[in-house]
Amino acid sequence: MDYRLSPSSQKVREYLRSVGVDAQVREMPATTRTAKEDALAIGCSVAQITKSIVFRTAQSGRAVLVIASGANRVSEQRMSELIGEQIEKATPEFVRESTGFGIGGVPPVGHCNPVETWIDRDLLQFDIIWAAAGTPFTVFSIRPNQLQSITAGKIQSVT
């Protein structure tokens, strides 16, 4: 099945392999742009789905990635306090420029530029979590500790 993956999903798959993570990128039959759609398609809880949300810092203009549980809403105020700078929602153009991926399919790994990463502490309660793999139709599973290791993400409550 890998031969049919989009270039974006192939990039994620190759990145995972390069860091020693044995994860299969799965193409879903329908869009998985939301955590609820992901959970329904995969057959897991919404809380096991990761949302990769890119913010832009207001002063320095850098990208910040928050990998949140699909059951949680990220508090921009909380994240601004943790980062030490106000954050704002990133435009689709900024997300693509910063990560190399479009909104709805941003994976937590394989970005074209280094991105400061924060991981929702609530994801640690699961053996397996699911993340976007470069498109709104592709996902992969990973252990939370593996995700933290390969992203160097800071573990924190993001709500």
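**Figure 1. The end of α5 and the residue that follows.** Right after α5 comes A152, with a positive phi near 55 degrees; helices here are DSSP runs of H or I with at least four residues, strands are E runs of at least two, and both are numbered from the N terminus. This is a predicted model, where local features need pLDDT of at least 70, side-chain atom pairs count only at pLDDT 80 or more, and totals for chains, interfaces and linings use all residues. Residues are numbered from 1 along each chain as its sequence is written, and side-chain values use heavy atoms, with hydrogens and water left out. A152 is a residue other than glycine, and it sits in the loop between α5 and β8 (154-156). Most residues other than glycine have a negative phi. With 59% relative accessibility, A152 counts as exposed (exposed is over 50% relative accessible area, buried is under 20%, partly exposed is in between, all with a 1.4 Å probe and protein chains only).

**Figure 2. The two sides of α5.** On the buried side are P144, L147, I150 and T151. Looking down the axis of α5, these buried residues fall within an arc of 135 degrees, so they line one face of the helix (the arc is taken from the directions from the helix axis to the C-beta atoms). Over on the other side, N145 and S149 are exposed. The buried residues of α5 pack against α1, β3, β5, β6 and β7, where contact means heavy atoms within 4.5 Å.

**Figure 3. Helix α1, from P7 to G20.** α1 covers residues 7-18, 12 in total, and spans 16 Å from its first C-alpha to its last, close to the 16 Å expected at 1.5 Å a residue (the expected span is 1.5 Å times one less than the number of residues). Its buried residues are S9, V12, R13 and L16. Down the axis of α1 they fit within an arc of 95 degrees, so they line one face of the helix. An α-helix has 3.6 residues a turn, so residues three or four places apart point the same way. P7 and S18 are exposed on the other side of α1. The cover over the buried residues of α1 includes β7 (138-142) and α5 (144-151). G20 follows α1 and has a positive phi, near 80 degrees.

**Figure 4. Inside the largest nonpolar core.** This core holds 28 residues, and those with the most contacts inside it are V12, L16, V54, V109, F140, I142 and L147. A nonpolar core here is a set of buried Ala, Val, Leu, Ile, Met, Phe, Trp, Tyr and Cys residues joined through side-chain atoms within 4.5 Å. At least two residues of the core come from each of α1, β3 (63-69), α4 (92-99), β6 (129-132), β7 and α5. β3 gives the most, with three residues. For a look at one member, skip the neighbours within four places in sequence: V109 is then in contact with V12, Y15, L16, F101, F140, L147, I150 and T151. There's also a second, separate core of 10 residues, including V64, A68, M79 and W118.

**Figure 5. Helix α3 and its cover.** In α3 (residues 76-83), M79, S80 and I83 are buried. They cover an arc of only 105 degrees around the axis, which puts them on the same side of α3. Turned away from that buried side are the exposed residues Q77 and E81. Among the elements covering the buried residues of α3 are β2 (50-57), β3, β4 (87-89) and β5 (116-120). After α3 comes G84, with a positive phi near 85 degrees.

**Figure 6. Charges over rings.** K154 lies over the face of W118, at 4.9 Å from the ring centre, and R56 lies over the face of F94, at 5.8 Å. The test asks for NZ of Lys or CZ of Arg within 6 Å of the ring centre and within 35 degrees of the ring normal.

**Figure 7. Two loops next to β7.** R143 is in the loop between β7 and α5, and at 44% relative accessibility it counts as partly exposed. Not counting residues up to four places away in sequence, R143 touches D127 and I128. P136 belongs to the loop between β6 and β7, and at 14% relative accessibility P136 counts as buried. P136 and G105 are 31 residues apart in sequence but 4.5 Å apart in space, C-alpha to C-alpha.
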